[in-house]
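Welcome! Please take a moment to look over the sequence and the model below, and then we can walk through some of the details together.

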Amino acid sequence: MTAALPRTLYQKIWDAHVVAMRDDTALIYIDRHLIHEVTSAQAFDGLRAAGRQLRRPDLILAVPDHNLPTTARLDAQGQRLPIDDPASAEQLDALTRNTAEFQVDFIDAVAPEQGIVHVVGPEQGFTLPSTTLVCGDSHTASHGALGALAFGIGTSEVEHVFATQTLLLKPSRTLEVRVEGVLGPGVTPKDVALAIVGKLKASGGQGHVIEYTGRVIREMSIEGRLTVCNMSIEAGARAGLVAPDDVTFAYLKGRPRAPKGAMWDQAVSYWRTLNTDPGAAYDKTVVIDASEIAPLVTWGISPDDSVPITGVVPDPDSFADPARRDAAAKALAYLGLTPGMRMQDIEVDNVFIGSCTNSRIEDLRAAAEVVRGRKVAPSIRQAIVVPGSGLVKRQAEDEGLDGVFRESGFEWREPGCSMCLAMNPDKIPAGERCASTSNRNFVGRQGPGSRTHLLSPAMAAAAAVTGKLTDVRELTS
Amino acid sequence: MKAINRIEGRAYPLGLANVDTDAIISAEYLKKVTRKGMGEGAFATMRRNPDNIFDNPEYAGAPILVAGENFGCGSSREHAAWAILDMGVQAVIAVSFSDIFSGNAFKNGILTIELPQAQIDMLLDAARDGQLAIDLPDQTVTTESGNVAEFGMDPFRKHCLINGLDEIGLTLQMEDAISRHEREIDERMPWLSSRRDAA
Ligand code: SF4
């Protein structure tokens, strides 16, 4: 027998899931399927209309997140409060009905485990290394932090997975993003994510699956890796992966839906084989020096439009590419910014700490550290903290973080997608500016006419207490 | 799914790069639980501009849309494909597409065609004064003045689009292979099956 060719982590997971090949397209088996209320209703409808069965209800986990208001869900008597927006209520009801009809594991809006799908999956141990995991949501790449090949799919694909537990896919190219060195003070996984997206640009990862490697990634917690993998899609990549290691196993052990006992040991010994073999070739490698990453903030309407907080709003004329020049001019007009303006002079009206990018316990700790003993600036119209899940919320409360936020003037909300996208009551009014820990600063993303600056939780906290974009290092050092 | 052979008519000369799915259909339209009626919400932000091409009667009902690079980037919402289909667009021609959008488009029977920028520029010019004709079997786009752009196409997608084949039905024909794979996983990675884990 000849020695096996060296393979990348991506190739190993891919090879283990090929059910059949049809020309250059593979039928790939899907191990885990997360669903939420926005992209599943039409898929269940399609299934019903075609008289098809749900092949593996046991491999699905459903949780509502996008539409849920983040205000109290129960009244003083413990009765469920109604949802005002009839369209939201209808989507949420449809999820409840469909999961009951098809017998799918469902975390209800008022369950203590409810939260954003991409926070809940890892937290429940539903997301596991070496699995293929899909969800009708583009930030599914997050789950790659645990060594799962995870990607967003559309509703037709959700229906395809429902009926067949497979997807038709073409192999992706591989892109290694190696982050070497050590992060400076005040520089967080979010800054790493923004730096990577800024370097690759919004379409630089197209057709690729990214594997994040290097000392910075190895030394990062699962929470941090989730933040980095979460933004893979902002560089156009279908998925982002980190090879599972002891950090991963320690995180997963004992989680409710993770394997237990002898099964756990068997799983870990398999997971240990999942890394890129020495000598395996990536199609492309990009190296980033951690010492060159500063706390970043976006100035435009694409997540790749970022500059160090110490920088200035770029001059559109400074871009050589005419398309980029036009886009920058459009972005500045939309955001009401002038070239050369210091980022730190930009005043914000709102602060949002939350979303599947930055709503886990470490994010809340980092933000609380900055606001502790400080007050939200009086010019801020609204500052909210939205924990990524009920379990994150409870842990933060056990640590007293809710008190820290409340005393400083932040609102402490129920878990959900909240201000990340304008689908629930948490919206930014037209013309107002928001310092946001989410992942997208697109036109109208936080509400029609809303202006978004993406940044880390610590930086968002700093903006809340000063009323403008602020270098968090000046508050903490 | 409707079979596609030849698509002929006016084309919206959009031309822009990085048209994200938020721009195609904004979040407020994501709350529907059916696919119909999404066209009304398509390109809502651009439509606020009174001179937009989508409300220009000259292009009303155009079955083709021409755009720049990275069309359909951003959120994975399939509503973008439904909105485009519901507007009556059957083909989008662009320099490149986001992976998720082109997948969604295909699954809904929308033809996506990639052409280099120079050809896109030529088609944009032609689309402003006349019709375009797409011939899927021949893999060509022809302008009224007779300019022809040839495009590449995945043979499987082409076959499905021409025959109006539904993907799920095709995959269900592979039932044996899927079941075999499941038995193999149960054997080698028993922890993956929650049925077994629960037992
Ligand atoms: S938090 Fe934002 S990005 Fe994440 S799943 Fe919700 S809407 Fe999508």
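## A lysine in the first helix of chain A

Leaving out residues up to four places away in sequence, K12(A) touches R7(A), T273(A), L274(A), N275(A) and D277(A). Please keep in mind, here and below, that this is a predicted model. You will find K12(A) in helix α1 of chain A, which covers residues 9–15.

Is K12(A) buried or exposed? With a relative accessible area of 10%, K12(A) is buried. Its side chain reaches the backbone oxygen of T273(A) at 3.1 Å, and T273(A) is also among the residues that K12(A) touches.

## A helix that is enclosed

Next, look at helix α5 of chain A, residues 155–164. Here 10 of the 10 residues are buried, so the helix is largely enclosed by the rest of the structure. Among these buried residues are the charged-letter pair E157(A) and E159(A), together with V158(A), V161(A) and F162(A). Just after α5(A) comes Q165(A), with a positive phi near 60°.

## An alanine in chain B

Now move to chain B, where A11(B) lies in strand β2, residues 11–13. A11(B) is buried, its relative accessible area being 0%. Setting aside neighbours within four places in sequence, A11(B) is in contact with Y59(B), A62(B), I64(B), V66(B), A127(B) and L132(B). The C-alpha atoms of A11(B) and D129(B) are separated by 9.7 Å, although these two residues are 118 residues apart along the chain.

## Where the two chains meet

How many residues take part in the contact between chain B and chain A? Chain B brings 54 residues and chain A brings 66 residues. The area buried between the two chains is about 5,100 Å², and carbon and sulfur atoms give 56% of it. Three residues, K31(B), V33(B) and W191(B), supply 16% of the area that chain B buries against chain A, more than any other three residues.

Polar and charged pairs also cross between the chains. There are seven salt bridges between chain B and chain A; in one between D154(B) and K170(A), the closest N and O atoms are 2.5 Å apart. Across the interface, 16 residue pairs are in polar contact. On the side of chain B that touches chain A, α3 (79–86), α4 (99–107), α7 (167–172), α8 (175–188) and α9 (194–198) each supply at least two residues. Of the elements there, α8(B) gives the most, with eight residues. Sorted by class, this side of chain B has 19 nonpolar, 17 polar and 18 charged residues.

## Salt bridges

Side chains of opposite charge can pair when their charged atoms come close. Over all chains, the whole structure has 41 salt bridges. One of them joins R365(A) and E399(A), at 2.8 Å from N to O. This pair links distant parts of the chain: R365(A) is in helix α12 (residues 361–371), while E399(A) is in the loop between α13 (390–398) and α14 (401–408), 34 residues apart. R365(A) is partly exposed at 33% relative accessibility, and E399(A) is partly exposed at 35%.

A second example is the salt bridge of D402(A) with R406(A), at 3.4 Å from N to O. These residues are four residues apart in helix α14 of chain A, so they are separated by about one helical turn. D402(A) is buried at 14% relative accessibility, whereas R406(A) is partly exposed at 48%. R473(A) and D471(A) also meet in a salt bridge, at 2.9 Å; R473(A) is partly exposed at 26% and D471(A) is buried at 4%. Finally, a network of salt bridges links R55(A), R56(A), D58(A), E175(B) and E182(B).

## Cysteines without disulfides

A disulfide is a covalent bond between the sulfur atoms of two cysteines. How many disulfides are there over all chains? The count comes to zero.

Why does C229(A) form no such bond? The closest cysteine sulfur, in C356(A), is 12 Å from the sulfur of C229(A), which is too far for a bond. The sulfur of C434(A) is 10 Å from its closest cysteine sulfur, in C420(A), again too far for a bond. C229(A) is buried, with a relative accessible area of 0%, and C434(A) is buried with a value of 0%.

How values were computed. Residues numbered from 1 in each chain as written. Chains lettered and ligands numbered in written order. Predicted model: local features only at pLDDT ≥ 70, side-chain atom pairs only at ≥ 80, totals over all residues. Heavy atoms only, no water. Disulfide = S-S within 2.5 Å. Buried < 20%, exposed > 50% of the residue type's maximum accessible area, 1.4 Å probe, protein only. Contact = heavy atoms within 4.5 Å. Buried area = accessible area lost by both parts, 1.4 Å probe. Salt bridge = Lys/Arg side-chain N within 4 Å of Asp/Glu carboxyl O. Polar contact = N/O pair within 3.5 Å; in protein donor to acceptor, adjacent residues only side chain to side chain. Nonpolar A, V, L, I, M, F, W, Y, C, P; charged D, E, K, R; others polar.
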